[in-house]
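Biologist: I should be grateful for a close look at a single part of this structure. Please describe the backbone there and the way its elements are arranged.

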Amino acid sequence: MKTILSEDQIILTVKRLSHQILENCQDLSKTCIIGIQPRGKWLSDRIIREIRLISPASSVSYGILDITFYRDDVRNELRLANETDIPFSIEDKQVILVDDVLYTGRTIRAALDALLDFGRPAKVELCVLIDRRFSRELPIQPDYVGKSIDSIITERVKVGWKENEGKDEVVLL
C-alpha cells in the first residue's frame, strides 16, 4: 500500500481545484457543478463549499448525478441506485462533472448520457481528484486534475473520505 495523497495534501488539492474552476468560469451564474454518485459526491461537496467560501457573492448551481442505469455494465452485476438531485436546468450552462478517480472513462461516458436527460449544456468539463492516465478505454481527458498517476491494471486506487470512511486519504493498493 502506497499513499498517493495524505489528508493535508487532499485539503490543498481541493483548494487548488476550486481556484482553477473559479479562474476558468467567468460567470458562475452560468456554471453548475455536478458530483457523480457515489464517490464523486464527496469531492464535489468540498469543492462547492470551498468555492462558496472564496466567492460568497457568487451563485453556482450544485447537483449530484446517479449514473447506475446508464452504465454499459449494468447488466453484469446488481447495483443499488443512488440519489440524483439536479434541481435546475443545465440548458446552455457550463457543466463541471466531478468524480474521484478517472480510470477507463466509462463512468464519465455514462454521466454524459445521463446529463442529456436534464438539458443540453453549452459545455461540459471534467474535474477529478486522481487521473490514472494510462488506463483509458475511451477518449476522455480531465480539464481539472488533482494528481495524475501511472499505475498498472492490477493496482487499485482507493479514495477515503472522512464523511464515509473516517479518514481523508488516497492510497494505491
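Modeller: Helices and strands here are DSSP runs, of at least four residues for a helix and at least two for a strand, and they are numbered from the N terminus. The model is a predicted one. I shall take the part that begins at Asp 92, a residue in the loop between strand E3 (61–65) and strand E4 (94–102). Most residues other than glycine have a negative phi. Asp 92 is not a glycine, yet its phi is positive, at about 60°. Exposed means over 50% relative accessible area. Asp 92 has a relative accessibility of 56% and therefore counts as exposed.

From this loop we may turn to the strands. E4 pairs with E5 in the parallel sense, over eight bridges. Within this pair, Val 98 lies opposite Cys 127 of E5. The connection from E4 to E5 passes through helix H3 (residues 106–115), and this β-α-β crossover is right-handed.

Strand E5 itself spans residues 123–132 and is mostly covered, as eight of its 10 residues are buried. E5 is also joined to strand E6 (residues 144–149), with which it runs parallel, by five bridges. Here Asp 131 is the residue that stands opposite Ser 148 in E6. E5 is thus paired with E4 through eight bridges and with E6 through five.

One further backbone feature, outside this part, deserves mention. The peptide bond from Gln 37 to Pro 38 is cis, with omega near 0°, and Pro 38 belongs to the loop between strand E2 (31–36) and helix H2 (40–54).

Methods
Residues numbered from 1 in each chain as written. Predicted model: local features only at pLDDT ≥ 70, side-chain atom pairs only at ≥ 80, totals over all residues. Heavy atoms only, no water. Buried < 20%, exposed > 50% of the residue type's maximum accessible area, 1.4 Å probe, protein only. Pairing = 2+ DSSP bridges. Right-handed = clockwise from strand over helix to strand, strands pointing away.
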